[in-house]
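Please open the structure in your viewer and keep the sequence panel beside it, since the tour moves from one selection to the next. Each stop says what to select and then what is to be found there.

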Amino acid sequence: MISHLVCALSLVVFFILQTTIFSQARLVAGSADLILLFLVAWSLQEQVKNSWLWTIVAGLLISILSAMPFYAPLIGYVGVVAISKSLQRRVWRTPLFAMLIVVLLGTFFQQALYVIVLLISGAPISWSQSLDSVILPSVLLNLIFALPIYAVANDLAGRISPLEVET
Amino acid sequence: MKFLNFRNLQTIILIVVVSGLLFLALSGYFTPVFNLSLNPLISLQSWLSVRYLSARDFLTTPRDVTQLREQNAMLESQVTQLQTQLIVMEERLGEAQVCFALLDFGRTNPQYSYIAATVIGREISPFLQYIIIDRGTNHGVRYGMPVVTQQGLVGRVDAVIAGAARVKLITDTTSVVNIRLQSAGIEAQLVGSLTGDVSLDMIPLDQVVEPGDVVLTSGLGGNFPPNVFVGQVLSTQRRDNALFQTATVQPIVDFESISAVLVVNNFQAVDITPLIPEP
């Protein structure tokens, strides 16, 4: 129960930070996505079992609040967490490395999805300009913020359900 | 002769000697003797005095430090309070300046009525240029209402709920605004881009557009009121084999630092989509 509460509160905090500060702190036209970073970091925690649920909840809420059509944020977040879960099983001994890999792949996946959705909806954007101005700067910013967000998620998960130490 | 007895004679001699010594002392004849005898005494006195003062300072200083620390803490507390008050005052001054500017815009454009709103957030996706304002249907904001600042055009309301609304900026990639170049009297379209830059499209090739030309809304299309300031032309581009020329525009509104806006609530946007023939 407390895990759900902490996750919900964290998402609220990161949503507020994202809309008020991080959406304005831009590199070229790209920006960091704290919610994506938190969902990835949360899903990589071994003791966390509710990451799918909160990914869907966060994706639905962001889809409603965002102007992005076709529930693209929901699909993007679910896809990124799917990448995270599949990588977690392969590189479970080095979660920090997994975090960076998932952020790299996940950001590319999410932004490419957004470009496709916008192109379908008729927005006059090009792949090359999207890559130069938005995707690559966003990947860089997400990688920069990945470690602090992972530390926060790791600390929260550790406090909620500390791992049993083998003696 | 009894007067000159031994005792009287002794007294007289003593008075004469004392008077002589006083006379000699006052005349300065005894100064070397006095110096010789008093200097060690003065040295001893000053040595003792310095040691006494040092000892007294040593014993009384801790009490002074405590008092000074208390005073320092009190003064620091006052400084903190004053700094807090200063920050609050500066914030209020900034808000007042924005309000005065918006009020000034309202006075110069009395044909419209406005709802003042504060920008409380921005779109999460970097591909889209939207802002979120703190006024919604409860305050009279409706879908499609134009949004301006004291400087010029910002965008239009794209979605609205009870207490907030989402505004599509004119810098968004999907935004198209029909405009008029004031000096040349040319009508064209203002389109946004991924990077937040805006440019003019659909300018006929035979028209001359100069850098510095003022860009105003034309009112065509029914989405925005006419004659709202948008920006100025920076440069023009002509491409071979192109049907139209394009121009980059410097928007008058600084979309990065926008903090308060006015929603024009008595302008009725007209949806002409059903009138546009489908290809």
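Which radius of gyration does chain A have, and how does that value stand against a compact globule of 167 residues? The model is a predicted one, and in it chain A has a radius of gyration of 16 Å, which agrees with the value near 15 Å that a compact globule of 167 residues would have.

**First stop: chain A as a whole**

Select chain A and colour it by secondary structure: there are 6 helices and 0 strands, so that the pattern read along the sequence is α-α-α-α-α-α. If you turn the chain along its principal axes, its C-alpha atoms fill a box of roughly 60 × 30 × 25 Å. Of the 167 residues of this chain, 42% count as buried, and among its contacts with a separation of 6 or more, 71% are accounted for by residues 24 or more positions apart.

**Second stop: helix α2 of chain A**

Now select residues 34–43 of chain A, which form helix α2. Because 10 of the 10 residues of this helix are buried, α2 of chain A is largely enclosed by the rest of the structure. The buried residues include Leu34(A), Phe38(A), Trp42(A) and, at the end of the selection, Ser43(A). To see what covers them, add other helices of chain A to the display: the cover includes α1 (2–22), α3 (51–65), α4 (72–90), α5 (95–120) and α6 (127–160).

**Third stop: where chain B touches chain A**

Show both chains and look at the place where they meet, where 18 residues of chain B are in contact with 24 residues of chain A. On the side of chain B that touches chain A, the elements that give two or more residues are β1 (114–122) and β2 (130–133) of chain B. The residues of that side of chain B divide into 7 nonpolar, 6 polar and 5 charged.

**Last stop: the barrel of chain B**

Stay with chain B and select strands β6 to β11, where a closed barrel of 6 strands runs in the order β6-β7-β8-β11-β10-β9, with antiparallel pairing. Neighbouring strands of this sheet are turned by 40° against each other on average, direction ignored. For a closer view, keep β6 (residues 176–181) and β9 (residues 214–217) of chain B, which pair in the antiparallel sense over 3 bridges. Within this pair, Ile179(B) stands opposite Thr217(B) in β9(B).

Notes: Residues numbered from 1 in each chain as written. Chains lettered and ligands numbered in written order. Predicted model: local features only at pLDDT ≥ 70, side-chain atom pairs only at ≥ 80, totals over all residues. Helix = DSSP H or I, 4+ residues; strand = E, 2+ residues; numbered from the N terminus. Rg over C-alpha atoms; globule rule 2.2 N^0.38 Å. Buried ≥ 20, exposed ≤ 12 C-beta atoms within 10 Å, placed from the backbone. Contact = placed C-beta atoms within 7 Å. Nonpolar A, V, L, I, M, F, W, Y, C, P; charged D, E, K, R; others polar. Pairing = 2+ DSSP bridges. Axes fitted to C-alpha atoms, helices over the stretch in contact; angles between N-to-C directions.
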